[in-house]
Structures are given as structure tokens and as C-alpha cells.
Amino acid sequence: MDTVISLTRPCDYEPEQGARFVVTLTKARGLFGPDAEPFEARLVDGCRWEIRSAEDSLLEQVKRMIGDGLTVREIAEETGKSKSAISRLRVKHSLSPRDK
């Protein structure tokens, strides 16, 4: 196999959203750089795919969680990402959650 694809649900997925998942290439021979980056795909109106980067999807989730008052630790647990990944995202986009 030259390409292996993993489909996972975003942590904020709701069943009424239908087909929405993060696409990750776990094996991608011949693909590298931006072409091999994870992305989120969502089926809209049953006939059109809406696609955005996985980082943009995570950023939206993190912003919402910060607005809800969650800490970096709580956001990391909720999203399945490391505290350092959440902290890097926070610094990169100048976000300021509580640091407990």
C-alpha cells in the first residue's frame, strides 16, 4: 500500500452533523509537506464536501473552550492533544486561557 488513511471524529462532533471527520494520512508514499497534512472534511447538503485544515478545526475548538473557561490541561484532555501542543497553538494565535 502506498497510502493509508485514518478517519477520526473531531472531539466536538455531534451526531446531527452527519459525515464530519479528520482525515490523516498515516502512510503516504510520494506525498509530503502540505499535501500530507491532516484536514477536516464535512459533507454539506448531502452533495458537497467542505474541507479545512485540521489545525483550523482544532483552533476553532480551542477558542470555544477558552471562551467556556477551560484550562490548558482541560483542553488537552478534551481534544486528545498534549498540553504542549495546546500551549503552542495558544502562543501562535495569541490566545489566553487559564494556565492551571
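Here are some friendly notes on this structure, which is a predicted model.

1. **The core.** A good place to begin is the largest nonpolar core, which has eleven residues. Its members are Leu58, Leu59, Val62, Met65, Ile66, Val72, Ile75, Ala76, Ile86, Leu89 and Leu95. Three elements give two or more residues to this core: helix H1 (54-67), helix H2 (72-79) and helix H3 (83-92). The most comes from H1, with five residues.

2. **The inward side of H2.** Which residues of H2 are buried? They are Val72, Ile75, Ala76 and Thr79. These residues lie on the same side of H2, because the arc they cover around the axis is only 100 degrees. Try finding them in the 3D view, and then look at what they meet: the buried residues of H2 pack against H1 and H3.

3. **A closer look at Ala76.** Ala76 belongs to the largest nonpolar core and is one of the buried residues of H2. If you set aside its neighbours within four places in sequence, Ala76 is in contact with Lys81, Ser82, Lys83 and Ile86. Ile86 is listed in that core too.

4. **The two sides of H3.** On H3, the buried residues are Ile86, Leu89 and Arg90. Their arc around the axis spans only 100 degrees, so they sit on the same side of H3. Turn to the other side of H3 and you will find Arg88, Val91 and Lys92, which are exposed. The cover over the buried residues of H3 includes H1 and H2.

5. **After the helices.** Two residues are worth checking for their backbone angles. Gly80 follows H2 and has a positive phi, near 80 degrees. Ser94 follows H3, and its phi is also positive, near 55 degrees.

6. **Aromatic rings.** How many aromatic pairs does a search of the whole structure find? The search finds one. Elsewhere in your tour of rings, look at Tyr13: Arg9 lies over its face, at 4.2 Å from the ring centre.

7. **Cysteines.** A disulfide is a covalent bond between the sulfur atoms of two cysteines. A search of the whole structure finds zero disulfides. You can still compare how open two of the cysteines are to their surroundings. Cys11 has a relative accessible area of 30%, so it is partly exposed. Cys47 counts as exposed because its relative accessibility is 66%, and the cut-off for exposed is over 50%.

Notes
Residues numbered from 1 in each chain as written. Predicted model: local features only at pLDDT ≥ 70, side-chain atom pairs only at ≥ 80, totals over all residues. Heavy atoms only, no water. Core = buried A, V, L, I, M, F, W, Y, C linked by side-chain atoms within 4.5 Å. Buried < 20%, exposed > 50% of the residue type's maximum accessible area, 1.4 Å probe, protein only. Helix = DSSP H or I, 4+ residues; strand = E, 2+ residues; numbered from the N terminus. Contact = heavy atoms within 4.5 Å. Arc of directions from axis to C-beta. Phe/Tyr/Trp six-rings, centres within 6.5 Å; stacked < 30°, edge-to-face > 60°. Lys NZ or Arg CZ within 6 Å of the ring centre and 35° of its normal. Disulfide = S-S within 2.5 Å.
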